[in-house]
Amino acid sequence: MPSPFILDRSSVTQVMAWVLAALLPGVAAYVWLFGPAILVTLALATVTALAAEAAMLKARGYPAKPFLTDLSAIVTAWLLALSLPALAPWWLIVTGTLFAIVVAKHLYGGLGQNIFNPAMVGYAVLIVSFPVQMTQWSGPLALTETSLTLAQSATVIFGGDVPKATLDAVTMATPLDALRTGLLQQLTVDEIMTQPIFGQFGGTGFEWLAAAFLLGGLLLWALRIISWQVPLAFLAGIWLAAGFLHFFDAGRFGAPWFHLFAPSVMLGAFFIATDPVSGATTPRGKLIFGFGAGLLTIIIRTWGGYPDGVAFAILLMNLCVPLIDQYTQPRVYGTGGRGKEPPA
Amino acid sequence: MSRKLFKFKGGVHLSGHKAESNARPLHAAPLPGKLVIPLRQHIGNPAKPVIEVGERVLKGQMIGAADGYISAAVHASSSGIVTAIGPAAVPHISGLPDLCITIETDGRDEWIAHAPLDYQAMAAADLRMKLRDMGIAGLGGAVFPSAVKLDPGAAHSCPTLIINGGECEPWITCDDMLMRNRAGEILQGVAVMRHLLGSTEILVGIEDNKPEAIAAMQAAAQSLDFAIEVVAVPAIYPAGGAKQMIETLTGKQVPSGKLSTDIGIQVFNVGTAYALACAVHHGEPLISRLVTVTGHVLRPQNFEVLIGTPMHTLITLAGERDGSTGALMGGPMMGMPMPDLEVPVVKATNCILVKSAELFPPLPKALPCIRCTRCADACPAELQPQELFRFAKAGDFGRAQEYHLFDCIECGCCSYVCPSHIPLVDFYRYAKSEIWAREKEKRAADLARERHEFREFRLAREKKDKAEKLAAKAQAARAQAALDQAKHAKLPAAPAPELAAAPSDADAKKALIAAALARAQAKKAEVAPKNTDHLLPGTQREIEEIEARRAKIHELARQPLESEEKKP
């Protein structure tokens, strides 16, 4: 056994556990603002992910324990669950999670080998295949007359008999959907923004969910689990692209704050684009990766076929990672370079 | 004395574990009954034995002479009888035995006559030769012959001399104890170095976790007749690495693939300076050094140890404990496990670290790389360890080299921080040795090809020479014949000249043809057994094996090319 003989106390499990912990403020805010339905979604996704992970490990002849306890499958499950409408039917959650774990993760070679972020692959499959079911968002409690209990939420998700009126009373279009629909109806942004779903910066309730994700993300950064480059570049990409468009035609393009304070952006910037496996590794590469993802998000939101573009933007940037990494290799010790040429 | 310090990139904070061994006073280890002194204790050619079995040697007597420029002598560490010259276990990662001289000590510890050197009066080259013959080599771990490093070469001087008292590896305190106890002697050695290198700026870098050593060195520096700056550097591993020490103190980086002397800087370990002072001022060759014995022992401490002392005697001295799981030579980051504890202390032995399951629990099983780049953040060589790992694992050594594999200093920071517990340094060592092996193979193949080409050329030249010689001979024969003919012509009533000349010309030609035929036949007979027509089954098999090996080599040689092509 060769050197070194000591190790830092870090582990993959620890990294993943911190990511889960950092998601908790977001989950708490979600429950607080939108009701407990998300808990059912999270639980279902977690169970599905662990079962799929165990089955795939067995099929591939890998030991189950070290890979199940690395918590990476649960992280994927949570990220997917938090991206889905809270009242999405159970089979949607299961399909998305299965696709994420079986195809996007294990068929690409398992932990560390997937070139695409598994949660985003699962999300993309669902939004392309089941666009209608992907709109089953529960509205912010501040705007709905009634709310669902945990048991009622579970009944909805598992396809039980719930009065349609109750369901209609709690589901609502997301702010991004509302913006998109409004623009299609030839309304100006200002006119659209008068709807109650729009809040201070983003959507009513949604902006606080975004803030909770931001809080968790800052925790990850403070712990050095993630680097600053990807989130900052991602948010900068969103801000600059949205700001540029808004500056030229405020009537047709949403304000940069509005775009920034969508929960998907904060979740994407701090938890998804920062996925090390499918992201760029060099410092400059991380900046390019993040900025590109931010830019593409706004482009897809503005001109694409879907109200939100974070998932597709990140998947597209995942594709570019090998190229980005290759052309952004940093200077190595003693090879001179910018301003540090040692006087020979 | 405040100097602007620079921060090298990367590094890790380690718990020092220095207090275990630096609290007890320095002791000399007792004379062992048997000394085993390896002839290869330094980088370069191993020393050549200059004594015979049965001979009595004195303490400090040269028993192995330096062999060439990059080499150093080895000496008897005590007086006694040479009982063996042959392979014995040595502290080396391979665990393979190496040539050693075994001395049965007689307990009298009788010295050779001491011959101090008047270094200021000596020619520099002579002084360096003397130091090589005194066995001085770098005691920081690399054991590079110091005489070579003390040659400023074409530049004639090396403006900056750095004395490295960093000692950044956890557990080790021998340099710390040396500086606390022998600061004056260290600086005497520094004076000799300064003399040889013509240095104008002398810096002593010591990690700030050794305040006593810093104070001792600063106090000793007061009484010098030249300026020297003792600098406390931040304790972050590997601050004591030569390149990192240079960057911390000067802000300069040693250009990749070059030596620090190329930027006018030379670095020596404090132990080397001390050994140099002993050699110059007391005429004592390098026969002892300070060794930290620590870890899972009752009384961790430092000993002054004769080179050749078996390691287990030191562990016994420090108080052996139950539950030991082996020992390392060096620290936990770069040290090497000892195959057995009979191996002797050598010039490179700075520490014997006894392991136990509590102090050094077995490393967890490695998981796949998740590309988190913590290794890249920790790498003091500013490499991308995760990429090097990927290439090394895939056997893509060409790409690994492109990504500066050979700038890796194997400090172990990447392995230390890896959350997947991948033994990264191992992969780099493997990749390096594979590349070296291939280079060697390629050189051998090149040599064989050159030989073959030269043989072809030689054969062609010989053939041409022969043809020319024969042509000349034929010419001479014809001239002779013409001469004879003329003679005959002068004689009256001679037979028809054409008739006489013609047969002689024809005879010469015939003889030539016959000779050529005979040669051709002889040649054919000579090469016939080597021909491929009638082979013995054994030979055939051998040829097939060779062909298979060559095919494999070709395949291996093709791999980097293919990966080149894959590049976008």
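In chain B of this predicted model, strands β7(B) and β8 (residues 98-105) run antiparallel and are joined by 8 bridges. That pairing is a good place to begin a tour, and we can build outward from it.

## The antiparallel sheet of chain B

One residue pair to look for in this pairing is Val82(B), which sits opposite Ile103(B) of β8(B). Now look to the other side of β8(B), where β2(B) is attached in the antiparallel sense through 5 bridges. Here Leu35(B) is the residue facing Ile103(B) of β8(B). Strand β7 (residues 80-88) of chain B also has β4 (residues 56-57) of chain B as a partner, again antiparallel, with 2 bridges between them. In that pairing Arg56(B) stands opposite Ile81(B) in β7(B).

Put together, these strands form an open sheet of 4 strands in the order β2-β8-β7-β4 (chain B), with antiparallel pairing. Why is one side of β2 (34-38) and of β4 of chain B left without a neighbour in the sheet? Each has a single partner strand, so these two stand at the edges. As general background, the strands of a sheet pair through backbone hydrogen bonds, either parallel or antiparallel.

The table gathers the strand pairings of chain B described in this report.

| Strand pair (chain B) | Sense | Bridges |
|---|---|---|
| β7 and β8 | antiparallel | 8 bridges |
| β2 and β8 | antiparallel | 5 bridges |
| β4 and β7 | antiparallel | 2 bridges |
| β9 and β10 | parallel | 6 bridges |

## The parallel sheet of chain B

The last row of the table leads to another sheet. This one is also open and has 4 strands, in the order β11-β10-β9-β12 (chain B), but its pairing is parallel. Its edges are β11 (229-233) and β12 (265-269) of chain B, each of which pairs on one side only. Direction ignored, neighbouring strands of this sheet are turned by 25° against each other on average.

Strands β9 (residues 160-165) and β10 (residues 201-207) of chain B run parallel and share 6 bridges. Two residue pairs help to find them in the structure: Thr160(B) stands opposite Glu201(B) in β10(B), and Asn164(B) has Gly205(B) in β10(B) as its bridge partner. Is β10(B) largely enclosed or largely open? Because 6 of its 7 residues are buried, β10(B) is largely enclosed by the rest of the structure.

Helices also meet these strands. Helix α4 (residues 174-197) of chain B packs on the sheet and touches β9, β10 and β12 of chain B, its direction making about 165° with that of β9(B). Helix α7 (residues 270-282) of chain B lies across β9 and β12 of chain B, at about 80° to β12(B).

## Chain B as a whole

Stepping back, chain B has 15 helices and 17 strands. Of its 568 residues, 45% count as buried. Among contacts in chain B with a separation of 6 or more, 72% are between residues 24 or more positions apart.

One place to visit is Gln475(B), which lies in helix α13 (residues 424-490) of chain B. Gln475(B) counts as exposed because it has 10 C-beta neighbours inside 10 Å. From C-alpha to C-alpha, Gln475(B) and His13(B) are 88 Å apart in space, and 462 residues separate them in sequence.

## A kinked helix in chain A

In chain A, helix α16 (residues 310-327) has 18 residues and reaches 25 Å from its first C-alpha to its last, close to the 26 Å expected at 1.5 Å a residue. Where does α16(A) have a kink? A kink of about 50° lies at Cys320(A), shortly before the proline Pro322(A). The buried residues of α16(A) include Phe312(A), Leu315(A), Met317(A) and Ile324(A). Among the elements covering the buried residues are α4 (72-83), α6 (118-129), α14 (263-272) and α15 (283-303) of chain A.

## How confident is the prediction?

The model scores ipTM 0.88 and pTM 0.82. Chain A has an average pLDDT of 89, with 97% of the residues scoring at least 70. Over residues 337-344 of chain A, however, the pLDDT is below 50, and this stretch has 9 contacts beyond near neighbours in sequence.

For chain B the average pLDDT is 88, and 89% of the residues score at least 70. Two stretches of chain B deserve care. Residues 527-533 of chain B stay under 50 and have 0 contacts beyond four places in sequence. Residues 560-568 of chain B also stay under 50 in pLDDT, with 7 such contacts in the model.

Conventions: Residues are numbered from 1 along each chain as its sequence is written. Chains are lettered from A and ligands numbered from 1 in the order in which they are written. This is a predicted model: local features need pLDDT of at least 70, side-chain atom pairs count only at pLDDT 80 or more; totals for chains, interfaces and linings use all residues. A residue is buried if 20 or more other C-beta atoms lie within 10 Å of its own, exposed if 12 or fewer, and partly exposed in between; C-beta atoms are placed from the backbone. Two strands pair if DSSP finds at least two bridges between them. Axes are lines fitted to C-alpha atoms, for helices over the stretch in contact, and angles run from 0 to 180 degrees between N-to-C directions. The expected span of a helix is 1.5 Å times one less than its number of residues. The bend at a residue is the angle between axes fitted to the seven residues ending there and the seven starting there. pLDDT is the predictor's confidence in each residue, from 0 to 100.
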